[in-house]
Amino acid sequence: ESIHPKMRDGYLDKNYNYTNRSSCIFPVLISEVNDVNIVFLNYWKIKNNLQSILCNIRIYDQNGLEKCLISKKITQNHNNISIKSILKDDTNFKGIANIEFISQENFGFTFPAVTAFYSSNSNYSGVHTAGRIKNTEESKIPGRIKETNWRCKWGDGITPFFTLFNGSLRGKETYANLKIFNPNNDLLISKNILINLTQPFSNRFYFLDELIDFNKLELKENCYIQVEVPYTDFFPRMICGNFFKKENFLEVTHSFENQKDNPDYLIEVNDEDTLYRVPSINPIATENELNLKLLFFPTNCEGNAIGSWRKANFGEPLRNSNKSFEWVCGGKNSKLKEIIIDKGNEINALDITKGKIPTRINTNYIYTVDNTNSRYSTDIAAGQITEHFPPKRFTWGHGIIGKDYKTIIFLTSFSHDEKTKTDSRGKLTLLIGQKEFVSNHNIPAESGIKINLNNMI
């Protein structure tokens, strides 16, 4: 049984959700050069006017022993908590941080919007909430899940990694099944790995080069991993990515469930239908100083996606291009698809309109800085936006300014049908510590804009 509901039902159910607890778990790696910063906005108050929010952070070592607890009432709009500063004397530490928010009012969602920044000296990599321990009101039916869909780097001095944790129940010794596939979706290796996370809250980092001899495999770019793992009272989404050994740097993203056994489809556009309708759109943006490539993993439910591209410069309405898109996105003939986006200041929309279209088509957006020899990248796990998504009027996120970093926001105003097309007017508030910088912006319908945050300060 899939852990995911049908997408349409999932959004309908949100209207009836009632929960007073929202939580997430992040793996922790602390050393003289490493820290993990837990960053979040008090969006509960800003967006929904919830007044009294309590934040508890419990830190556990790899054996599940609680090292410390901090509990604080959220009073500030912008919050940045260093795990290293909480642990104080523990300069060499691996474990997890279990972060929970408690309210007397209804959160609506059991997932909080939290970003963890993993740092090593002046390198930073961020990822949002992934795994969590379930609430008392949620059903807890044990099962197994196949987690996959992240870009693996196989170069010298780099190894892919993933992390696992146990929930609040004592477990039994079990196994994870690790598979590596090449871009043609051929299986290169399958190996069972002992998981001895029996104690509540016990956890581990798993580095691929410690589990498998890379020299015995023909590993090329875009070979990818799938890990089948057990779960009980927790949601087992993994923080994973690539570990740069010399720098002791975790370049992070999160996994996603293989959707092979979760058939869920959109209705394709009927040729006789004269009304404008795009069931599935992928908003894509880049700029002159960045390179961008997209990876589409062959891990969707069986189907095929047929569509076309629109593109434009920032601030201009999207124009149809002569580029088409066709992909077998799941099933036995599916292969990994890589698309390199043209360089330049522009936005793209990948419109999928025909075929047996899975609701969930995941994409990794891999950004690198142009004209550098750096092996680092920012890997964003996201994907197609479907017509089931409600309109988004309020959004937030986190970035880094200073230390020669530049943060750029891309905003788009795309619509799935004629009646929701609209010009957007909005206010951007940038919070640095407790200082606020405000700017106003317009996004014409079916277009996008670029905002350089460094210029706001």
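Strand 1 (21-30) and strand 6 (residues 93-103) run antiparallel to each other, with ten bridges between them. Strands here, like helices, are DSSP runs numbered from the N terminus: E over at least two residues for a strand, H or I over at least four for a helix. Two strands pair if DSSP finds at least two bridges between them. Within this pair, Pro27 faces Ile96 of strand 6.

Before going on, some housekeeping. This is a predicted model, where local features need pLDDT of at least 70 and side-chain atom pairs count only at pLDDT 80 or more, while totals for chains, interfaces and linings use all residues. Residues are numbered from 1 along each chain as its sequence is written, and side-chain values use heavy atoms, leaving out hydrogens and water.

Back to the pair we started with. Strands 1 and 6 belong to an open sheet of four strands, ordered 1-6-3-4 and paired antiparallel. Its edges are strand 1 and strand 4 (66-73), each of which pairs on one side only. From one strand to the next, the twist averages 15°; axes are lines fitted to C-alpha atoms (for helices, over the stretch in contact), and angles run from 0 to 180 degrees between N-to-C directions. As a general point, side chains in a regular strand alternate between the two faces of the sheet.

Now for another open sheet, also of four strands: the order is 14-11-17-18, and the pairing is antiparallel. Strand 14 and strand 18 sit at the edges with a single partner strand each, so one side of each has no neighbour in the sheet. The twist in this sheet averages 25° from one strand to the next. Strand 11 is joined to strand 14 by five bridges in the antiparallel sense, and Phe165 stands opposite Asn203 of strand 14. Strand 11 also runs antiparallel to strand 17, again with five bridges; there, Ile158 has Phe244 as its bridge partner. Strand 14 (residues 203-207) is mostly covered, with four of its five residues buried. Buried means under 20% relative accessible area, exposed means over 50%, and partly exposed is in between (1.4 Å probe, protein chains only).

What about empty space? On a 1 Å grid over the protein atoms alone, a cavity is a set of points where a 1.4 Å probe fits but cannot get out; a pocket is an open set with protein on both sides within 12 Å along at least five of seven lines, and lining residues have an atom within 4 Å of a point. Grid points are joined across faces, edges and corners, and a volume is the space filled by probe spheres set on the points.

By this rule there is one cavity of 30 Å³ or more. The largest cavity has a volume of about 60 Å³, and among its lining residues are Pro27, Ile96, Phe165 and Met238. Strand 1 and strand 11 are the elements that give two or more residues to that lining. By class, the lining has eight nonpolar, two polar and one charged residues. Ala, Val, Leu, Ile, Met, Phe, Trp, Tyr, Cys and Pro count as nonpolar, Asp, Glu, Lys and Arg as charged, and the others, Gly among them, as polar.

The second largest pocket has a volume of about 370 Å³. Strand 11 (158-165) and strand 15 (224-231) are the elements that give two or more residues to its lining. Of the 21 lining residues, Asn166, Thr174, Pro230, Tyr231 and Thr232 lie nearest the centre. The lining divides into twelve nonpolar, six polar and three charged residues.

Out in the loops, a couple of backbone angles deserve a look. Most residues other than glycine have a negative phi. Asn371, which is not a glycine, has a positive phi of about 60°; Asn371 lies in the loop between strand 28 (362-369) and strand 29 (378-383) and counts as exposed at 74% relative accessibility. Lys403 likewise has a positive phi, of about 50°, without being a glycine. The loop that holds Lys403 runs between strand 30 (385-386) and strand 31 (408-413), and Lys403 is exposed, with a relative accessible area of 58%.

Finally, zoom out. The protein has four helices and 34 strands, and 52% of its 457 residues are buried. Its radius of gyration of 22 Å agrees with the value near 23 Å for a compact globule of 457 residues, taking the radius over C-alpha atoms and the globule rule as 2.2 Å times the number of residues to the power 0.38.
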